[in-house]
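User: Please take a close look at the charged side chains of this model and at how they are paired. I would like the answer to extend to the surroundings of any charge left without a partner, and to the nonpolar packing.

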Amino acid sequence: MAAVTSSAASAAAGLQVNAAGSPTDVAMMYLQDETTDGDMGNLSLEELDLTTDEYILDEVDIHIQANLEDDLVKEALKTGVDLRQYSKQVEAELQRIEQASIKDYIKESQNIALLHNQITACDSILERMEGMLSGFQSDLSSISSEIQTLQQQSVSMNVRLKNRQAVRSHLSQLVDELVVPGAMISTILESPVTEQEFLEQLHELNNKINFAKELSFRETLACSDIQDIVDRLKLKAVSKIREFILQKIYSFRKPMTNYQIPQNTLLKYRFFYQFLLANERTVAKEIRDEYVDTMSKIYYSYFKSYSGRLLKVQYEEVADKDDLMGVEDTAKKGFFSKPSLKSRNTIFTLGQRGAILSPAELEGPILVPHTAQRGDSRYPYEMLFRSQHYALLDNGCREFLFLSDFFMVAGNSALDLFNCIMGKTLSMFLKSMSTYVSDCYDSIAVFLCIHIILRFRAVTAKRNVPALDKYWETVLELLWPRFELILEMNIHSIRNTDPQKLGVLDTRPHYITRRYAEFSSAIVSINQTFPNERTHTLLGQLQVEVENFVLKMAAEFPSRRDQLIFLINNYDMLLGVLMERAADDSKEVEGFQQLLLARTQEFIEEILSSPFGGMVAFVKEAEVLIEKGQLDRLKNEEVQEAESESYLGLCLLSARITQLVRGFSSTWKQSVESMSQDVMRSFTNFKNGTSIIQGALTQLIQYYHGFHKVLNQPTFRSLAVRSELINLHHLMVEVKKHKPNF
């Protein structure tokens, strides 16, 4: 295989050396090389000296060992083949193969030569292309350098352009701000301040003034060129604006002037004051002081006159210190004292007075005094109070918002400015109110005024106007102590009332109780929206005193029956009045409901005791003994009462039961009819009397049912009188006939 490879390599080398020669010449050269190699094949191995020192035995051993590992060698050794013979066979085979290969090369020599020529032509073409690409590469490198140069120039030009544009914008703005156009000069000098063009040019002038100030700080020389013109225009504008605003302020002073109209006009030109404040503070202060002085006098004069006229339409009859809850109607006054109210009950009755707290009335139109005088109308104090303070609220809120908007003030500055205008008026209000409150004994009027203020305070908070908050607090500090004082005076008057000085005794509801009921329901209903713990405490004290008073009055009656009728009538009246206005779960309602229930139950027992007392006592006594399992003691008690022998006990008990059964059967209808008529005559409230009758009849049936149960006990089953008992169902049917119908 090594020889074949060597021959092939030699042939290839020959082709490369003389590729241009003919195929025959190439073949002849190859055969000559093969002849030379063939001579070497006849070399005799016997002439070799294997003992020479040039061969290394170790390496020979290694090669021999490696050849022995070969598969063919192993196969030959196993089969016992002669290696010399086998070697010659292999060599002959190789020569045959070599000859065949040579013939193939000779056969393909033309194609190989053609391929060589084509490869040569391709090499020349590629060489030319390489030259062209090298030229292109050099051209591209030069173009890239030119593009980089252009890019650098473009960046430089862009930077210069931006710098010039920035300079131009600043210079353009500077020039525009520095230039004073003729239109501005003519408008500021000649146009009226009410024209829109004047307002627009005033804005421009203000900008130029501010810009000129900024340039003067930078020491810009161009500023001096326009400073004189700008200053003259500023003085002219200030003069015209001052004259215009002062004229509007002076117009407030004219009688019957609606100052809201000039105020709205000033708000339309609110920039005028802003211009003055920025450029001429002295004039701005003059205008503000003039406005404050003018409006302060206007508000003071208006509210003083209005308050005075309102007092002329107040009720002439007002409560005094003697018009208290516990004062008797028959009390006489001295000769020189003023006449009492026609009815003291009106002082403690809310009536329609509470409607003033409804949203429609609370923020409704204010009273016009001269119209009320022409109609000869009179109003309670709380209506005058509401009208006066709603006018204050409406004007105060509008004034505060105007001051904040026109004079550009906020926070404490706005409050201080508002107080400068309204302070005198508010002081007059407080003084007048303090005078009235010190001599006022109409607790409902004072309480209504308190809740009017509480609601007005919520209105101003909703409008986000804090200007009147301090005033509201001061008014409440005046009204709350007075209300508590009047309430305590009424509590003391009831506590110190002498029942014996209140005239003839009557089981109908007492007028003092009615006063309390009307008053308590009025206060509770008003107090529901803005509850006050102090008010609840005082009402609780008043309730305790009224309960004690009712008990003291009841004690004046000689019989327990009349006492109970008096108590029930008064408790029922109290509940009726309270439940009209107060909530059903209020403390006052719950307390009197419990008292009414207890006294009603006691009264039912009282009216049943007269016609049916024997049966009731027997049933109660027997039920107790049955519960204890000692019913036989009933016979012993009869014996002890009779003080006779023991065998008489049952006879006496039987006689007692017989009397009870026959007595009930013969008289119960007449007794029920008489009881019903008596109850209906005793109670002023027909509904309450009806419920008492129903309760009494129900209780009667329960007692008679208990009587049946007692007689069904083994002890009494042998009594013949049991057959005379009225059937319970029949009794219920008959009792229903006596049930009052509405």
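Analyst: Arg 656 is partly exposed, with a relative accessible area of 22%; on this scale buried means under 20%, exposed over 50%, and partly exposed in between, computed with a 1.4 Å probe on protein chains only. The model is predicted: local features require pLDDT of at least 70 and side-chain atom pairs pLDDT 80 or more, while totals for chains, interfaces and linings use all residues. Residues are numbered from 1 along each chain as its sequence is written, and side-chain values rest on heavy atoms, with hydrogens and water left out.

Arg 656 forms a salt bridge with Glu 621, their closest N and O atoms lying 3.9 Å apart; the term requires a side-chain nitrogen of Lys or Arg within 4 Å of a carboxyl oxygen of Asp or Glu. Because Arg 656 belongs to helix H25 (residues 648-682) and Glu 621 to helix H23, the pair ties together parts 35 residues apart in sequence. Helices here are DSSP runs of H or I with at least four residues, numbered from the N terminus. Glu 621 is likewise partly exposed, at 25% relative accessibility.

Helix H25 also takes part in a second pairing, in which Glu 734 bridges to Lys 669 with closest N and O atoms 3.8 Å apart. This pair links distant parts of the chain, since Glu 734 lies in helix H27 (residues 728-737) and Lys 669 in helix H25, 65 residues away. Glu 734 is buried at 11% relative accessibility, whereas Lys 669 is partly exposed at 40%.

A local pairing offers a contrast. Lys 297 and Asp 293 form a salt bridge with closest N and O atoms 3.4 Å apart, and both sit in helix H12 (residues 281-311), four residues apart, about one turn of the helix. Lys 297 is exposed at 53%, and Asp 293 is partly exposed at 35%. Elsewhere, Arg 561, Asp 562, Asp 678 and Arg 681 are joined in a network of salt bridges. The whole structure holds 25 salt bridges.

Arg 482, in helix H19 (residues 469-495), is buried yet has no salt bridge, the nearest side chain of opposite charge being Asp 439 at 5.8 Å. For that comparison Lys and Arg count as positive and Asp and Glu as negative, with His and the chain ends not counted. The Arg 482 side chain does reach the backbone oxygen of Ser 438 at 3.4 Å. Beyond four places in sequence, Arg 482 touches Val 437, Ser 438, Asp 439, Cys 440 and Tyr 441, where contact means heavy atoms within 4.5 Å.

Cys 440, one of these neighbours, is buried at 3% relative accessible area. The structure holds zero disulfides, a disulfide being a pair of cysteine sulfur atoms within 2.5 Å. For Cys 440 the nearest cysteine sulfur, that of Cys 449, is 7.7 Å away.

As for nonpolar packing, the largest nonpolar core has 167 residues, of which Ile 245, Phe 272, Ile 657 and Phe 707 touch the most other members. Such a core is a set of buried Ala, Val, Leu, Ile, Met, Phe, Trp, Tyr and Cys residues joined through side-chain atoms within 4.5 Å. Helix H23 (residues 587-628) contributes the most to this core, with 13 residues. Outside its neighbours within four places in sequence, Phe 272 is in contact with several residues, including Val 193, Phe 198, Ile 241 and Ile 245.

How values were computed
Helices (H or I, at least four residues) and strands (E, at least two) are DSSP runs, numbered from the N terminus. A polar contact is a pair of N or O atoms within 3.5 Å; within protein, one must be able to donate a hydrogen and the other to accept it, and residues adjacent in sequence count only if both atoms are side-chain atoms.
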